[in-house]
Amino acid sequence: MSSVIGERLKVSVFGESHGRAIGCVIDGLESGIKLDMDAIRLDMARRAPGKDKTATPRLEKDDFIILSGVLDGVTTGAPLAMIIENKNVKSGDYDNMLKVPRPSHSDYPAYVKYGGHNDISGGGHFSGRLTAPIVFAGALAKQALKEKGIAVGAHIKSIGSVSDESFELNGITERELISLSSKSFSLIDEKKEEEMRAEIERYRKEQNSIGGIIECAAVGVPAGVGGNMFDTVEGTLSKILFGIPAVKGVEFGLGFDFAKANAAEVNDEYEINDGEIALKSNNNGGVLGGITTGAPIVLRVAIKPTPSISREQSSVNLETMQNEKLVISGRHDPCIVPRAVSVIEAAVAIGLLDLLS
């Protein structure tokens, strides 16, 4: 099992959902970064559970403790280690899942790979709980990127059948991204919140869950970052994004819409704008040949419905090798999308800072 990401900036995540604590170690962070603790806490709060009906009722404040790498609120350049204590666990809710794997969850493949020794409580090391340290690392990365003139932000593009507006691919501003990053329910068109909440509530009442799409962007990234073949910007960011539980798809720019387009209508043409080379459009999402173009980086992430739902489902008993019905207890999100926005921002920020280090 590898829970380390990055080449020059390395982030190692540790812990289990119902263990004593979760946390991360960040190695390669520059010295001299003055940390805005309130900004870090804001990002942590956007991801934290237990706030309303769109999220699991498991209440964790996600208070973090920095163990090393920071002195008087400024990074020292040494490895930065932090922990978050787990204070609201109910491991007994998972007793019946030790031998009866949950559909569409990691339980069965993890059982096979680790010989049944993996911690099943709350999903163990496969849990979305482990995204809290990622958000912490991403909050630090965003502050380091801010010093380089780069901003990262995201919004809920859709939940079920309800959609928000899309980013204007070549017209995204730093102000817009900062505004989105300050919201707990991040939308461009805030009037869509009521509809989205109603969509989530409908599935919650049906003992079900619903997925969605998150759209993320970064502005201020200069041209020439990344590389071709196996060192692409898309590959670097996607590797981190696919490490987030529930992420099942990533696309840049027009993404799969390129497949039904012709070149004349989607090619990003060049022009001289205020004495500098610029793109007339940004259908490729700020990346060509794996290298940044200087236009905004724009990507979308597909989030699957939370697999742990309370209605009866079919599974098998790993001991008796018989078919068995499973009813999942415990506390789970009817929709993970609102809480995942800050996680997607964090993943993109970590990847960009690694590429720029």
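Which helix lies across E8 and E9, and at about what angle does that helix run to E8? To find out, select residues 193-205, which form helix H5: this helix lies across E8 and E9, and its direction is at about 55° to that of E8. Please keep in mind throughout the tour that the model is predicted.

**First stop: the sheet beneath H5**

Keep H5 on screen and add the strands of the sheet, which is open and is built from five strands in the order E9-E8-E10-E16-E11, with antiparallel pairing. The edges are taken by strand E9 (162-163) and by E11, and because each of these has a single partner strand, one side of each is left without a neighbour in the sheet.

Begin at the E9 edge, where two bridges join E8 to E9 and the two strands run antiparallel. If you label Ile159 and then look across to E9, you will find Val162 standing opposite.

Now move from E8 (residues 151-159) to E10, to which E8 is joined by eight bridges, again in the antiparallel sense. A useful pair to highlight here is Ser158 and, opposite it in E10, Ile213.

Select strand E10 itself, residues 212-219, and switch on a surface: this strand is mostly covered, since seven of its eight residues are buried. On the way to the next strand, look for the seven bridges that join E10 to strand E16 (residues 297-303), which run antiparallel. Ile214 has its bridge partner in E16, and that partner is Val301.

**Second stop: helix H6 and its surroundings**

Next, select residues 233-241, which make up helix H6, and colour Val233, Thr236, Leu237, Ser238, Ile240 and Leu241, all of which are buried. What covers these buried residues? The elements to show around H6 include strand E1 (4-5), strand E11 (247-252), strand E14 (287-288), strand E15 (291-292), E16 and helix H8 (337-356). With respect to the sheet of the first stop, H6 lies across E11 and E16, and it runs at about 160° to E11.

Leave H6 visible and bring in H8. Two packed helices are described by the angle between their axes and the distance between the axes. For H6 and H8 the angle is about 135° and the axes are 9 Å apart, which makes H6 oblique to H8. The crossing of these two helices is right-handed. To display the contact, show the side chains of Val233, Thr236, Leu237, Ile240 and Leu241 from H6, together with Ile344, Ala347, Val348, Ile350, Gly351, Leu352 and Leu355 from H8.

From H6, follow the chain into the loop that leads to E11, and stop at Ala246. The phi angle of Ala246 is near 85°, a positive value in a residue other than glycine, and the residue is partly exposed, with a relative accessible area of 21%.

**Third stop: the other sheet**

Hide the first sheet and select E1, E2, E3, E7 and E4, because this part of the tour concerns an open sheet of five strands in the order E1-E2-E3-E7-E4, in which the pairing is antiparallel. E1 and strand E4 (64-68) are the edge strands, each of which pairs on one side only.

Within this sheet, look at strand E3 (residues 21-27) and strand E7 (residues 80-85), which pair in the antiparallel sense over six bridges. Label Cys24, and opposite it in E7 you will see Met82. Then add helix H3 (residues 131-146), which packs on the sheet and touches strand E2 (10-15), E3, E4 and E7, with a direction that makes about 35° with that of E3.

**Fourth stop: two aspartates**

Is Asp43 buried or exposed? Select it in helix H1 (residues 37-47): Asp43 is buried, with a relative accessible area of 6%. Its side chain is joined to that of Lys142 by a polar contact of 2.9 Å. Leaving aside residues up to four places away in sequence, Asp43 touches Val135, Ala139, Lys142, Ser181 and Ser342.

Finish at Asp274, in the loop between strand E12 (270-273) and strand E13 (276-279). Here phi is near 55°, a positive value in a residue other than glycine, and Asp274 is exposed, with a relative accessible area of 78%.

Note on methods. Residues are numbered from 1 along each chain as its sequence is written. This is a predicted model: local features need pLDDT of at least 70, side-chain atom pairs count only at pLDDT 80 or more; totals for chains, interfaces and linings use all residues. Side-chain values use heavy atoms; hydrogens and water are left out. Buried means under 20% relative accessible area, exposed over 50%, partly exposed in between (1.4 Å probe, protein chains only). Helices (H or I, at least four residues) and strands (E, at least two) are DSSP runs, numbered from the N terminus. A polar contact is a pair of N or O atoms within 3.5 Å; within protein, one must be able to donate a hydrogen and the other to accept it, and residues adjacent in sequence count only if both atoms are side-chain atoms. Contact means heavy atoms within 4.5 Å. Axes are lines fitted to C-alpha atoms, for helices over the stretch in contact, and angles run from 0 to 180 degrees between N-to-C directions. Angles under 35 degrees count as roughly parallel, over 145 as roughly antiparallel, 65 to 115 as roughly perpendicular and the rest as oblique. A crossing is left-handed if the near helix is turned anticlockwise from the far one by less than a right angle, and right-handed if clockwise.
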